[in-house]
Amino acid sequence: MNQVKKSPQDEGVKRSYSSFSRLSGEHPFKEKVPEGRVEYKARHKKGGKVTFFNFELARDMGLIPKTHPAELNPELEKEILHTFSIVIINEYDVINDIKFPEDEVLPNTYMATRYLQLQHPDKTGKTSGDGRTVWNGTVRHQGVTWDVSSCGTGGTKLSPACNLNKKFYQTGDPSVSYGCGLSEVSEGLETLFFSEVLGKNGFKTERVLAIVEFEKGLSINVRANPNLLRPSHFLGHLKQGNLKNLKQVTDYYIDRQIENKIWAQTTFKSDKERYAYLAKQVAKTFSEMSAKFEDEYIFCWLDWDGDNILMDGGIIDYGSIRQFGLFHAEYRYDDVQRYSTTILEQRQKARYIVQCFAQIADFLTTGKKKSLSGFRKHETLEYFDKHFSECKNSNLLQKIGFQKSHQEILIKGHLPLVTRFRRSFSYFERSKSKKGIYKVADGINWNAIFCMRDILRELPQIYLARQTHLSQEDFMEVIKSSYAKKNDLKITEMRRKQINRFQETYSAMIAAIEKASGSNRSQILLEVTMRSSVINKYDRVTGDSITYIVDKVKKLRPKLSPEELFQLAQQFSSYQNLDPDKKAVASVVPPRHKNIMQGLYSIVRDCREGL
Amino acid sequence: MKLVLYSGGDDRENATLDRAFIELIGKKNPVVTFIPSSSYFSEQEFRAFVRHYSKFRISRFILFPIDVPFDRILLNEVMKSDAIHLGGGNTFYFLNALRKAKLLTQLKDFVKRGGVLSGLSAGAIIMTENIDMAAYPEFDRDENKVGISNLSSLDLVNFMFFPHFKNSARYDAAFRKYTKAKSKVIYACPDGGGIVVNDNEHRFIGKCFVYAKGYKFPIL
């Protein structure tokens, strides 16, 4: 069909950035799970320019040396464009015999992986998967293998549009949006800002390695993670009852986890033990992840197909990801044909995915696929429930501001007290406005009315200063959010009880730590004050704020170099780092960035209680 | 009136001023509020502030950023504190935030009631009649990013305060010129230096200078 272009190695050119050569389409998944992917030839896409490059991530991945400055020299820029400015030659191109200049066609093929997706009509994963993404390859550095994939590299036959309309589309066909195979700079920027912030705050997430921009705001957004497999990569084969493929993908995944030293146990007496361990790991990961999502108000549309999350509980596809300022537990995203899950329903969806992995472990061990319902009471799920509850407790104690050793005192010796406080905390966190459900820009919501971060930030300081509890009226004054109207704030008998319980159990926890640790009350409250001021910072990023920030950055971008965009993303994520143990001192911000950053702060502040 | 004006510098350099600050408070385990000039990374400043003053056996601190909304409950506690410290930073931004939050009058009242008010650099300039010294001399000034033109401030003392002073001909020329034209005197203090005001008594720490009517004198 087409001639292939020689790569720089073929021409014997010495490359300073030689690790990039590993990102030319070759990936072990191709060989290990042959039926788990579709392969495409690809060609160079002209007219790209590097809008963003993540120097920090590239250093971690060994793509550039540890000492490489955060500067895009011409050679590095050329390497990035050479590696990532690609577009696949898809079925439409082949059927219509579209000719491409020989020197533009690349030597290797690139894979799009198959995985289960709910929006596909067949619902078994036979036709679904990466619709506009191909995998560039892997790089290994300091004992970690990284997957790299690029979004916006052309429409594959695994896109929903192809299957719903039963036809192939030319890449860029304006009659379909998602199915056209392209992506936009704004998607890359949204993922960049959100993932860098969440990554700094202990969430596992895909990260943006590079954004290559083309005309009309289109881009190729390059992502990286130590393992980009999703549960849906397994669940398709499970639905189909395809033992061979399921075993291949599972073994491939396990090998990677062991290779990357993610798993504590690396040798197993039998396959049974190995697959049971996998199920347990999924239960652990997904209970931790769903508890953290709930406690940090992360809205991630989890569903039974498991295509919106990575196997390690990492966030992928930021299109529908949000972080709420308050516990807006009734928010649902409107996806035209259906509404999304709510934050509180995420746990059940995560649990369901774990149930599927209990079924997978059994299927792989026995060779027989049993009914999923038979695993409803499986020990893995019991573990999920137990660990979820443990995580909820430790997350709350962390949120209050207790240091690790004090959290342990409470968990080990005063669990009923912690549970009592959690109940009271949840009562306020889940209180909703009398306004009821109403439409918002992209779905429906029922406003939460109390800001738990505010009460957790102020309470230890007030106790330190006055050494008495707040009156009920004062408590309401501190905890009320801007969403609360006068009639939401009535102090009913129930509320009175809960205010008392909240403060009594809070103080009782302090007293318990005082007794067990030898520190006095003031010392404990002071430590909690300092930690809580970081954890429960007044202005925390929300989904809405990211949208506005991306709009602002887009407007500024013609004047922002890739280096400046990198610095801005770093500064912003550092400012939004709410980990009291890792919070760094403010870096020196170049004068030109100060105004930009001030603009970003005020956006975060204005949107702090929203969606 | 009990005030401590810190120029800047590190913990060791400020040891004398710190002792004076603690003496002015004159109370066991007082409540001390830290008001940062900006909430940006204020948690880190607060942590450093707490670490520093904990050495004086103080354990009751309040962090009170004023460029974000706050509730009256915490404000009440702040105004009941034994001491309030105004942090360093951009003086224009700080003054603008204090004015927007309607705190200038409340801080004056706090001082009138006998509370100890201290300030470092920008925080010290804020205690004077206006923040001219943040805009002067031209070669060493804060950027007025917030674009305020009303520079009048707490007006708690009858002098101007210039922090981070370096004894040089450039500053001499600038301050002689300023004091020739205006009636106020300027107290210029190097890092580690400052002024302790206890009602009518002014105590100078460090190698400070006074500029008045175009003349310069060392304060001995």
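Q: What makes a residue part of the contact between chain A and chain B, and how many residues does the contact take from each chain?
A: Two residues are in contact if their C-beta atoms, placed from the backbone, lie within 7 Å, and in this predicted model the contact takes 27 residues from chain A and 22 residues from chain B. Helix 17 of chain A (521–535) is among the helices that each supply at least two residues of the side touching chain B, and helix 17 gives the most, with seven residues; helices are DSSP runs of H or I with at least four residues, strands are runs of E with at least two, and both are numbered from the N terminus.

Q: Why are strand 13 and strand 14 of chain A called paired?
A: Two strands pair if DSSP finds at least two bridges between them, and three bridges join strand 13 to strand 14 (residues 443–445) of chain A, which run antiparallel, so the two strands meet the definition.

Q: Why is one side of strand 12 and of strand 13 of chain A left without a neighbour in the sheet?
A: The open sheet has the order 12-14-13 in chain A; strand 12 (332–333) and strand 13 (438–440) stand at its edges, each with a single partner strand, so one side of each has no neighbour in the sheet.

Q: What is the pLDDT over residues 1–13 of chain A?
A: On the scale of the predictor's confidence in each residue, from 0 to 100, chain A averages 93, whereas over residues 1–13 of chain A the pLDDT is below 50. Where pLDDT is low, the predicted coordinates should not be read in detail.

Q: How are residues and chains labelled, and which pLDDT limits apply?
A: Residues are numbered from 1 along each chain as its sequence is written, while chains are lettered from A and ligands numbered from 1 in the order in which they are written. Local features need pLDDT of at least 70 and side-chain atom pairs count only at pLDDT 80 or more, while totals for chains, interfaces and linings use all residues.
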